[in-house]
Amino acid sequence: MRPRARPLRLLVALAFGAAAPGALGLEFRSVAVDAAVMFDAPSLKARPVSILSRHYPVEVIVALDGWMKVRDATGDLAWVEAAHLSPRRTLSVRVPRAQVRAAPDESSALVFEAEQDVVLEMLELSGNFVRVRHPQGLAGFVHVTQVWGL
């Protein structure tokens, strides 16, 4: 039995290693349709568990035959049709009021504040700040700790 256990462990380690980029949260997408139904398995016959709205950011965990298992900002995992996702990067405000500034600096002028759960378009990463655009068009820099989706 012992000789088989090691190759099995190696096989399991290799399998998880191959999935590591998605598992480590290196890939984020956003919902591309008005309402994306989230399922408990990769099938339209599976049980629907929630609905995410357009532009909501999700972390891709694994892709499988036209489906993606994703994590949302609350940490919930579910399956969604891959066609319902876009490579466009968005971020969700995770604090009660995120301060969006004119430059990537805490002492920079405040451009606007975004309330919790507001979705912002991600434009570029700049150190500990990320340049974002509000749906109404205002843009600025928010500290990375105030948003989810990076």
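This section describes the fold, strand pairing, aromatic pairs and backbone conformation of a predicted model.

The protein contains 1 helix and 14 strands. Of its 150 residues, 33% count as buried. The accessible surface amounts to about 8900 Å², and carbon and sulfur atoms contribute 56% of that area. Among contacts with a separation of 6 or more, 48% involve residues 24 or more positions apart.

Strand pairing was examined around strand β5, which comprises residues 67–71. On one side of the pairing scheme, strand β4 (residues 57–64) is joined to β5 by 5 bridges, and the two strands run antiparallel. Within this pairing, valine 62 has lysine 69 of β5 as its bridge partner. The connection between β4 and β5 is a hairpin with 2 residues between the strands. Strand β5 is also joined by 5 bridges to strand β6 (residues 77–81), again in an antiparallel arrangement. Here valine 70 stands opposite alanine 78 of β6. A hairpin likewise connects β5 and β6, in this case with 5 residues between them. Glycine 75, located in the turn of the β5–β6 hairpin, has a positive phi of about 95 degrees. Strand β5 therefore takes part in two antiparallel pairings, with β4 and with β6.

A search of the whole structure for aromatic pairs returned 2. One of them is formed by phenylalanine 28 and tryptophan 148, whose rings are arranged edge-to-face, with a centre-to-centre distance of 5.5 Å and an angle of 80 degrees between the planes. Phenylalanine 28 belongs to strand β1 (residues 28–31) and tryptophan 148 to strand β14 (residues 147–148); the pair therefore ties together parts of the protein that are 120 residues apart in sequence. Both phenylalanine 28 and tryptophan 148 are buried.

The other aromatic pair consists of phenylalanine 39 and tryptophan 67, also edge-to-face, with 5.7 Å between the centres and 80 degrees between the planes. This pair links distant parts of the chain, since phenylalanine 39 lies in strand β2 (residues 35–39) and tryptophan 67 in strand β5, 28 residues apart. Phenylalanine 39 has a relative accessible area of 6% and is buried. Tryptophan 67, with a relative accessibility of 10%, also counts as buried, because this value falls under the 20% cut-off. Strand β5 thus contributes tryptophan 67 to an aromatic pair with a residue of β2, in addition to its bridges to β4 and β6.

Positive phi values in residues other than glycine were considered next. Histidine 55 has a phi near 80 degrees, a positive value in a residue that is not glycine. Histidine 55 is located in the loop between β3 (48–53) and β4. With a relative accessibility of 30%, histidine 55 counts as partly exposed, because this value lies between the cut-offs of 20% and 50%. Aspartate 65 also has a positive phi, of about 45 degrees, although it is not a glycine. Aspartate 65 is placed in the loop between β4 and β5, in the turn of the hairpin formed by these strands. Its relative accessibility of 73% exceeds the 50% cut-off, so aspartate 65 counts as exposed.

Conventions: Residues numbered from 1 in each chain as written. Predicted model: local features only at pLDDT ≥ 70, side-chain atom pairs only at ≥ 80, totals over all residues. Heavy atoms only, no water. Phe/Tyr/Trp six-rings, centres within 6.5 Å; stacked < 30°, edge-to-face > 60°. Helix = DSSP H or I, 4+ residues; strand = E, 2+ residues; numbered from the N terminus. Buried < 20%, exposed > 50% of the residue type's maximum accessible area, 1.4 Å probe, protein only. Contact = heavy atoms within 4.5 Å. Areas by Shrake-Rupley, 256 points an atom, 1.4 Å probe, with all protein chains shown as cover.
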